[in-house]
Amino acid sequence: MSNLFAGLESLGLKVKKDIDVFEEEKKEEAGTGQGAENKPKEISEESLLFEKTHKCPVCDTEFKCKMVRTGKAKLVSQDMDLRPKYQGIDPLKYDAILCPTCGYASLNRYFNFVMSSQAKQIKEQISSTFKYTSENGKVYSYDEAITRHKMALLNTVVKKGKLSERAYTCLKLAWLFRGKREEMMKGDSTKEEIEAVAKEEIECLKNAHEGFISAFSQEDFPMCGMDEYTVTFLVAELSRRIGQKEEAKRWVSKVLVARDANRRIKDKALALKESLQSDGA
């Protein structure tokens with residue numbers, strides 16, 4: 001398995017290369033822009049951000065990080081695996097909150113939920129060697145966002161977070177690598193560089209797939225804000241993306257035969273089924 005945490009060494013952390021995001025306990029040590037009448041108005045990423053103050057639940061330090069202004073980013077489309085795409089900004093870059101003092105990090109929805117026993121593990125395994133210097137730019141680059149999300153993923157492992165939280169963080173990482181790849185394709189990056197980022201994305205998708213399947217049988221719904229059939233569809237699409245098309249067909253069929261699945265997710269499932277058939281799966 002590839003090292004999902006590659007690059008965190010620069011933060012002073014010694015992360016084992018063979019760490020398993022979903023290892024068992026015995027291995028736990030190891031703005032809506034208003035355009036002109038006929039021409040859309042340019043929206044700057046910076047204009048959609050603000051500095052929000054957070055208090056770290058692990059070390060009690062107050063710090064600021066960039067956040068997207070609520071309701072300001074305009075959704076323009078969505079990938080089949082539910083990755084949202086917005087006009088002028090990728091809000092996914094701003095979803096991981098990182099304490100620059102102790103290294104505690106989490107997706108925004110989970111940030112304040114830390115028990116004392118979890119804080120103790122984070123202090124011992126992360127804070128003791130953590131060091132961090134932000135890029136200090138007006139916006140987060142994809143590289144900085146990826147680092148912040150890797151820290152969030154590492155923290156979920158150290159604090160023994162839910163399987164769904166680990167899976168969801170892996171999914172967010174995959175989306176960030178995709179965003180980075182799309183940005184690179186518009187620049188002068190080499191084919192090899194782009195392919196390397198694509199491999200990182202697939203590795204994250206594989207981990208998200210593994211985690212959601214495990215969480216499906218062990219946790220209650222809603223899961224990460226998603227109902228049962230949305231997660232079922234997501235597992236089907238992740239299966240397709242990592243080359244497991246027969247498994248994708250099995251999972252998508254569960255959505256299509258469900259009487260209480262909503263129309264939106266059934267339509268997505270039908271589109272996925274047609275895609276699998278056209279691929280000869």
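Here's a short walk through one buried glycine and a few salt bridges in this predicted model.

Start by selecting Gly12, in the segment before β1 (49–55). Its relative accessibility is 17%, so Gly12 counts as buried, the cut-off being under 20%. Leaving aside residues up to four places away in sequence, show what Gly12 touches: you should get Thr129 and Lys131.

Now for the charged pairs. The model holds 18 salt bridges, and we'll stop at three.

Pick Lys93 and Glu45. Their side chains meet in a salt bridge, N to O at 2.9 Å. Lys93 sits in the loop between β4 (84–86) and β5 (96–98), while Glu45 is in the segment before β1, so this pair ties together parts 48 residues apart in sequence. Both Lys93 and Glu45 are buried.

Next, select Arg241 and Asp81, whose closest N and O atoms are 3.6 Å apart in another salt bridge. Here the link runs from helix α5 (residues 228–241), home of Arg241, to the loop between β3 (75–78) and β4, where you'll find Asp81, 160 residues apart. Color by accessibility: Arg241 is partly exposed at 24%, whereas Asp81 is buried at 0%.

Then jump to Arg178 and Glu201, a salt bridge with its closest N and O atoms 2.8 Å apart. Arg178 belongs to helix α3 (residues 163–185) and Glu201 to helix α4 (residues 191–218), with their positions 23 residues apart in the chain. Arg178 is buried, with a relative accessible area of 3%, and Glu201 is buried at 4%.

Last stop: select Asp79, Asp81, Arg83, Lys85, Arg178, Arg181, Glu182, Glu201, Glu237, Arg240 and Arg241 together. These residues are linked in a network of salt bridges.

How values were computed:
Residues numbered from 1 in each chain as written. Predicted model: local features only at pLDDT ≥ 70, side-chain atom pairs only at ≥ 80, totals over all residues. Heavy atoms only, no water. Helix = DSSP H or I, 4+ residues; strand = E, 2+ residues; numbered from the N terminus. Buried < 20%, exposed > 50% of the residue type's maximum accessible area, 1.4 Å probe, protein only. Contact = heavy atoms within 4.5 Å. Salt bridge = Lys/Arg side-chain N within 4 Å of Asp/Glu carboxyl O.
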